[in-house]
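Got your viewer open and a free hand for the mouse? Here's a short tour, one selection at a time.

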Amino acid sequence: SPIPTKDAYGNTDPVSSSSTQEPAPMYPEEEVVSEKKPWWNGFFVMGHVLQIITAAILAIALGLGISSAVDVPESARTIIAIPGVMWLRCLQAI
């Protein structure tokens, strides 16, 4: 006859002679509920698309504003273009 035993919760459960029975989980599974965040929350998450687009728009606005207001020497344009060219080469390599 089966011998009654107590599980982790103190419930009495008879021991079965079958070894194919899987043990019950110790803790019940909880459902993960994701909370809805406002659209502007992306500005505070590192590398979020909103940060990238905002940085690009800001860089274009600054570049256009400075280049139209000040006479920028050609050597400065060449030096500034180096990181841009390297960035484009990296994107093409991917």
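Start by selecting F43. Its relative accessible area is 33%, so F43 is partly exposed. Keep in mind as you look around that this is a predicted model.

Now add W39 to the selection. F43 and W39 make an aromatic pair in the edge-to-face arrangement, with 6.3 Å from centre to centre and 70° between the planes. The angle counts as edge-to-face because it is over 60 degrees. What about W39 itself, buried or exposed? W39 is exposed, with a relative accessibility of 64%.

Next stop: select W40 and F44. Here is another edge-to-face aromatic pair, with the ring centres 6.0 Å apart and the planes at 90°. W40 has a relative accessible area of 43%, so it counts as partly exposed. F44 reaches 60% relative accessibility, which means it is exposed, since the cut-off is over 50%. If you're keeping score, a search through the whole structure turns up two aromatic pairs.

Keep W39, W40, F43 and F44 selected together and switch on the surface. These residues make a nonpolar surface patch of about 530 Å².

Where along the chain does W40 sit? Colour by secondary structure and you'll find W40 in the loop between strand 2 (12–14) and helix 1 (49–69).

Time to move on to helix 2, so select residues 74–93. This helix has 20 residues, and the distance from its first C-alpha to its last is 28 Å, close to the 28 Å expected at 1.5 Å a residue. Zoom in on A81 and look along the helix axis: there is a kink of about 30° at A81, shortly before the proline P83.

Finally, clear the selection and zoom out to the whole protein chain. You should be able to pick out two helices and two strands. Following the chain from the N terminus, the order of these elements is β-β-α-α.

How much of the chain is buried? Of the 94 residues, buried ones make up 1%. Show the full surface for a last look: the accessible surface of the protein chain comes to about 9200 Å², and carbon and sulfur atoms account for 66% of that.

Methods: Residues numbered from 1 in each chain as written. Predicted model: local features only at pLDDT ≥ 70, side-chain atom pairs only at ≥ 80, totals over all residues. Heavy atoms only, no water. Phe/Tyr/Trp six-rings, centres within 6.5 Å; stacked < 30°, edge-to-face > 60°. Buried < 20%, exposed > 50% of the residue type's maximum accessible area, 1.4 Å probe, protein only. Helix = DSSP H or I, 4+ residues; strand = E, 2+ residues; numbered from the N terminus. Expected span 1.5 Å × (residues − 1). Bend = angle between axes of the 7 residues up to and from the residue. Patch = residues over 30% accessible without salt bridge, like charges linked within 9 Å, V, L, I, M, F, W, Y side chains within 5 Å. Areas by Shrake-Rupley, 256 points an atom, 1.4 Å probe, with all protein chains shown as cover. Salt bridge = Lys/Arg side-chain N within 4 Å of Asp/Glu carboxyl O.
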